[in-house]
Amino acid sequence: MRYSAFKIFREGLTGNKGWTPAWRDPEPKPEYDIVIIGGGGHGLATAYYLAKEFGLRNVAVLEKGWIGSGNVGRNTTIIRSNYLLPGNEPFYEMSLKLWEGLEQDFNYNAMVSQRSILNLIHSDAQRDAFVRRANAMFLAGADAELADADQLRAELPFLDFDNARFPIKGGLFQRRGGTVRHDAVAWGYARGADARGVDIIQNCEVTGFDIENGKCRGVETTRGAIRARKVAVCVAGSSGRVMALAGMRLPIESHVLQAFVTEGLKPVLPGVITFGAGHFYVSQSDKGGLVFGGDIDGYNSYAQRGNLPVVEDVAEGGMAIMPMIGRARLLRNWGGIMDMSMDGSPFIDRTHIDGLYFNGGWCYGGFKATPASGMCYAHLLARDAPHPVATEMRLDRFARGHLIDEKGMGNQPNLH
Amino acid sequence: MIIHHPLLGPRDAAEFVYLGDAALIDRPDWQAENAAEAFHAYGYLRDNPAGVHQELWYHEQGDRSWLVVTRNTVNHEISRVELARDVARARGRGR
Amino acid sequence: MSQVNRIKGGLIDRSTEISFSFNGKAMQGHPGDTLASALLANGQRLVGRSFKYHRPRGIFTAGSEEPNALVELRKGAAQEPNTRATVAELFDGLEARSQNHRGSLEFDLMAVTDLLSPFLSAGFYYKTFMWPRAFWEKLYEPAIRASAGLGQLSMEEDPDCYDKGYLHCDLLVIGAGPAGLMAARTAARAGVRVILADEDFVMGGRLNAETLEVDGMPGADWAATVVAELAAMENVRLMPRSTVYGAYDHGIYGMLERCTDHLAFSGGKPRQVLWRVYSRHAVLAAGATERPIAFGNNDRPGVMLAGAVRAYANRWGVAPGRRVAVFTNNDDGWRSAADLVAKGVEVPAVIDTRDAPAVCDVHGARHIRGAAVMDTKGRKGLRQISLIDGQMIDVDCLAVSGGWNPNVHLTCHQRGRPEWRDDLAAFVPGRDLPPGMVVAGAANGAMTLAAALRDGVAVTERLGYTDTGDLPRAEDEPRDGAPIWHVSQSRARAWLDLQNDVTVKDVKQAHQEGFRSVEHLKRYTTLGMATDQGKTANIPALAVMAECTGKTIPETGTTIFRPPYTPVPIGALAGRARGRDFRPYRLTPSHRWAEANGATFVEVGNWLRAQWFAREGEQGWRDSVDREVLMTRRSVGICDVTTLGKIDIQGRDAGEFLNRVYCNGFATLAVGRVRYGLMLREDGIAYDDGTTARMGEHHYVMTTTTANAVTVFRRLEFARQCLWPDLDVHLISTTDGWAQFAVAGPNARNLLRKVVDKAHDLSNEAFPFMGCGEVTVCGGMPARLFRISFSGELAYEVAVPARFGNAMMGVLMEAGREFDAVPYGTEALGVMRIEKGHAAGNELNGQTTAHNLGMGRMVSRKKDCIGNVLSHRPELLREDAVKLVGFRPVNRDTGLIAGSHFIGQGDAVMMDNDQGWMSSVAYSPSLGHSIGLGFLKRGDARLGEILRAVSPVHGREMEVEVVPAHFIDPEGERLRG
């Protein structure tokens, strides 16, 4: 079924009786060419691009619960490509370009809204670093714009320019950055993949791998064994748990990141704003809630919930840069489990087990990467060679010493 | 969270700084044959269990003890807290 | 006259009349009223508009679960959006306004969306607005955003202040209804520390809203006596107006106390206090929330929950209508009818979905059995209801009861899952409660008064707190019911989520489209996402979904709840940490001197440091900085460098310890000597640098960078305690203990000779470059002297106990008067270090190695040190790695740009041709042109090469020449002089 204004109009006149399921609910087949473990954004995007770009349709996506129940459904919806390092920036810029055409591509309005993202600058050294980054973005074909304090004051008069502990000295805009309706991304990819023949199998938990002589032949699941030529793990947040079933240790720790939304408000924020001297970033959803977040709680956790100190720290950051939000009320606060990697950057790679592939380590930046991650993983699975923009996202990079450490925090995951 | 410091009693976790897996105590021998491999595993690979986890916390806003806290990463229950120095010695570390 | 719906009774003070306004209209009420009860008393039924369809809405509940009656309170900067009128205490002068309409509340232009509702069904926006692509951001989205949202922020700084605090107790009782009161009394009499918190401003919970009796007295009176007993006990803290909103790990609860929201002015007191409650045990006695039944047009002003209707009558002496029908599927709904009739309100009918005898006698009311309300009329207020059998009844209020849901919210905050109880047709707390928490009363499924009282005692006794007193006498009122969730015969839209406009049809459509898991349902339809978090909507919607799937409700799913229980202002979560108090200031010891001498300050981490010292006549900061550099290099300058981390290291193994934490060797450092040290992280990346002085046989003083002072110390403690626990070495941070000043320039020695006591020989021979020692200054004051130089000049750093720091600055300046000594700030410090080619924060950014910094040879292969092994990984030592070198503009008039990238002549400006970046630049007054440091591929082998430094973000590029990083005195003659 193709969605359109006309379709809505016709359905509206006939009592909305004609809508059909957005995706089927198939029984798992005994064998697939490719089994993707994880029905999150990245897994569904991978299936979509496998079918659409590489013509591989004998594919299943196995999801333990309901699709989109992981981080694609619990993030702060920001998209951007304001990275520094050559191992990252071209990848994220490709992702942003894919976002720009996504809705027309998969016929689903995911509300891609290029409202801009602004990183505030509070010191000269920070400006130097942002200039370097902005120029790296240009070198990769992305957009970036420096603003001084006067320009920001004109554009965002509600920021605290006069009484701030860390004065706002300027900012780095990426005007093409913005937000996306996160759940819709999962649904749009699922619908698109399903329409092309991919089986999306919910409530199907993988309980083991069928590995023989160093070759992965399939998976054991709560709905029976499924054989596959290739098994693609795509379960960021649970990577440690799932890969342990294959006997692998990873350069990843699981951490909880909390996110927050306020009650609905009439429009106050034009785009995404990031505090440069504390842990706070915020945007306003189309429904009017201020969606914000900050730092991870900082300890290993699989609990999908956090604790008060970080809640307070984030609120302090918010009040420090925009004290007008004091009377806005926090409505809901949730936690997601992040694959925090050892250099803050992800992996899209084969494993040492033949036929077993791994995608993970997205830290708290996986959402914006969804399209490119899907595209690059599909490329790897289809061609057995990394996509040109994902050549560095290898599991062996630490052994080689090829780090992709945007923040320079080193091998301590909770600092990235 | 509340961490029961072996010397100071119950303290709010906000007084502490978290480092990571207590396996970081087991720093390899730099002269070993496989030192490069061993340091790679030490520096980069983690068990990352969903369940009981031994981990290092530093009482920065307190007595500056490093502690080994045994905590469940699924429900955050803490079952044991020890001085890291004692653990290190028990694991054979000395000079 | 104005309080047309005021009836007898209630817990309000009729002797005092207070005035308030709604949408500018003056109204009256009494102390004890909420805004909602006062609005109803004044006959104001229409109070707001719904989120999506802008439907007229009235007051639906009498508590914090309110989905409809959201208003803006106060004005100016204090404007407060989205406040539930049902929990806002009335005060004299209160100004309230309705929200979310264009035009007046009565004639909302946006109500046109209601007419279009067939085209705006669940998820419609996912299926359209895609063409043309550019229209989403320019047209569709702005229109959607403008109509969405609810109340408005003032856009001004929140004028109130907020506090935070910690509370500790043995038992936290959450909710002061019958179960909570008994739990608190039991534990209090057992002598333990009890905190009793309730979100309401009057304790007693439903007892205040019912006509039930306890121990032979009205429930509200009984509650008041228990509260009075508790108030008199020293081990009890009563906290009304306090919402326990979250249950966190290890018995820590978040609680918001509203201190001045019920006052016209806070009078400088904190508006609210965020309490972190540390409790051994907690009794959750949060009661239950009534749920509606969905039927056609069940959202009109006048359709209310039955329990709320009688709460208004009993507690506030307000009749929500003149003719009130009751629609119920359970016994409890009958109580509303009986209570209203007792208050003289006309009740024309009790419509019970059950074909069963009357529960009680309701005078004047027809009992319509086995019936249901199918539709309603009255656009801006209910006028008439029609039943499934076609009867129509004229009413202006309909009290609806679909049963009660235990308030299990806090039991879910640590991901506990509620369990379904068929006999209650409701979810009750599951088994995996937050550790230390027990649940009592209606929250635990003990739905009658007597049961709640018993339960409150029983759960508290199970925690080990016992009281031998008698259980209060009360009855188990009838609570039978037969669940019905929606009236299937209704053809009109039947609302489930009132605020977000989610109807039964939307849930059915979600099912039809495959959004069948509860979470998909919520996310697709926005069910339960509104400010009330679906407190009255979620379970009925789940039931409709269960009906669609043919499964039971528990098979279909459950909804779990996340903090906060009710919304918490961001201002309260932030407390005092805002504005300039966001983080503490650390001031340098000479801060007062600097303030008095024209310093401009700059934030450096939490420090505030002098950036430069402007003199009269200087046109801008560059004038000051250039002068400070030139005067220092010409004669002498003084800079407070206290912010550098200082770590005192002592013990027999201190030298060995240093040898392991620095990559370069420290084993051979002699007493009285200082050495530069480079520290790596264990992953082999350069981490921090500084100098370490050997003050004695077993005594060293380390300095770190300002930025890493705390973390270096932490890492050293890690190495000491966890890696080498038997080394005899002890550490203490003395950053704040010693004030330290750099005295730099050709006259540095001459100046110091006037300050350091004569007994100490400062000659180059006795106190050479990289020497150190304990000295006395100013006639006997202990001090430390280090001959180290960041500026490249003959320089010392002199340290005195911090409390003398401010005086010492004055002494140094006074002694330097004859040399025209200048104080210099961080800018001049930065210029001089770039002139000298020293790496600083921009170079030691956590991404660079010793190899990159040109210090690769410092990493000794002969010893172990932190980071040694991993620093030798092949790709970190690539032959084409970037190297730190200097740059100068080919055109000397050009200013270099930090952050520009290096591109070869003739190469395209793209990532593949990126050869490195400029990390630091400065205008060198000594050389008269701009200079820079940067990282360039194979930089050390390319001296003299001309490159392009491009900064596309500035739209600029310039030619630069690669030069050695030492711009001044490359041989180091000055500092050894």
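Tutor: Before we read the order of elements in chain B, note that helices here are DSSP runs of H or I with at least four residues, strands are runs of E with at least two, and both are numbered from the N terminus. Keep in mind as well that this is a predicted model.

Student: OK, so what pattern does chain B follow along the sequence?

Tutor: Read along the sequence, chain B runs β-β-β-α-β-β-β-α, and its inventory is two helices and six strands.

Student: And what box do its C-alpha atoms fill?

Tutor: Taken along the principal axes, the C-alpha atoms of chain B fill a box of roughly 45 × 30 × 20 Å. Of the 95 residues in chain B, 55% are buried, and among the contacts in this chain with a separation of 6 or more, 49% are between residues 24 or more positions apart.

Student: What about its surface and charges, how many positive and negative side chains are there?

Tutor: Chain B has 11 positive and 14 negative side chains, with the centres of the two sets 6 Å apart. The chain exposes about 4,100 Å², and carbon and sulfur atoms supply 47% of that area.

Student: Switching to chain A, why does the end-to-end distance of α3 agree with what a helix should span?

Tutor: Helix α3 of chain A covers residues 89–106, and because its 18 residues at 1.5 Å a residue should span 26 Å, the 25 Å between its end C-alpha atoms agrees with that expectation.

Student: Where does α3(A) bend?

Tutor: The bend is at A:Glu100 and amounts to about 45°. A:Glu100 is also one of the buried residues of α3(A), a list including A:Trp99, A:Leu102 and A:Phe106. After the helix comes A:Asn107, whose phi is positive, near 55°.

Student: Where are the cis peptide bonds in chain C that I should check?

Tutor: One joins C:Trp131 and C:Pro132, with omega about -20°, and C:Pro132 sits in the loop between α2 (112–115) and α3 (135–147) of chain C. Another runs from C:Pro563 to C:Pro564, with omega near -5°, and C:Pro564 lies in the loop between α12 (553–556) and β31 (568–569).

Student: And C:His54, is that residue buried or exposed?

Tutor: C:His54 is buried, since its relative accessible area is 2% and the cut-off for buried is under 20%. Its phi is near 55°, a positive value in a residue other than glycine, and C:His54 is found in the loop between β3 (48–49) and β4 (56–57) of chain C.

Student: What about C:Gln533, where is that one?

Tutor: C:Gln533 is in the loop between α10 (518–525) and α11 (538–549) of chain C. C:Gln533 has a positive phi of about 55° although it is not a glycine, and with a relative accessible area of 11% it is buried.

Definitions and conventions:
Residues are numbered from 1 along each chain as its sequence is written. Chains are lettered from A and ligands numbered from 1 in the order in which they are written. This is a predicted model: local features need pLDDT of at least 70, side-chain atom pairs count only at pLDDT 80 or more; totals for chains, interfaces and linings use all residues. Side-chain values use heavy atoms; hydrogens and water are left out. The expected span of a helix is 1.5 Å times one less than its number of residues. The bend at a residue is the angle between axes fitted to the seven residues ending there and the seven starting there. Buried means under 20% relative accessible area, exposed over 50%, partly exposed in between (1.4 Å probe, protein chains only). Contact means heavy atoms within 4.5 Å. Accessible areas come from the Shrake-Rupley method with a 1.4 Å probe; for residues, only the protein chains shown count as cover. Lys and Arg count as positive and Asp and Glu as negative; His and the chain ends are not counted. The place of a charge is taken as NZ of Lys, CZ of Arg, CG of Asp or CD of Glu.
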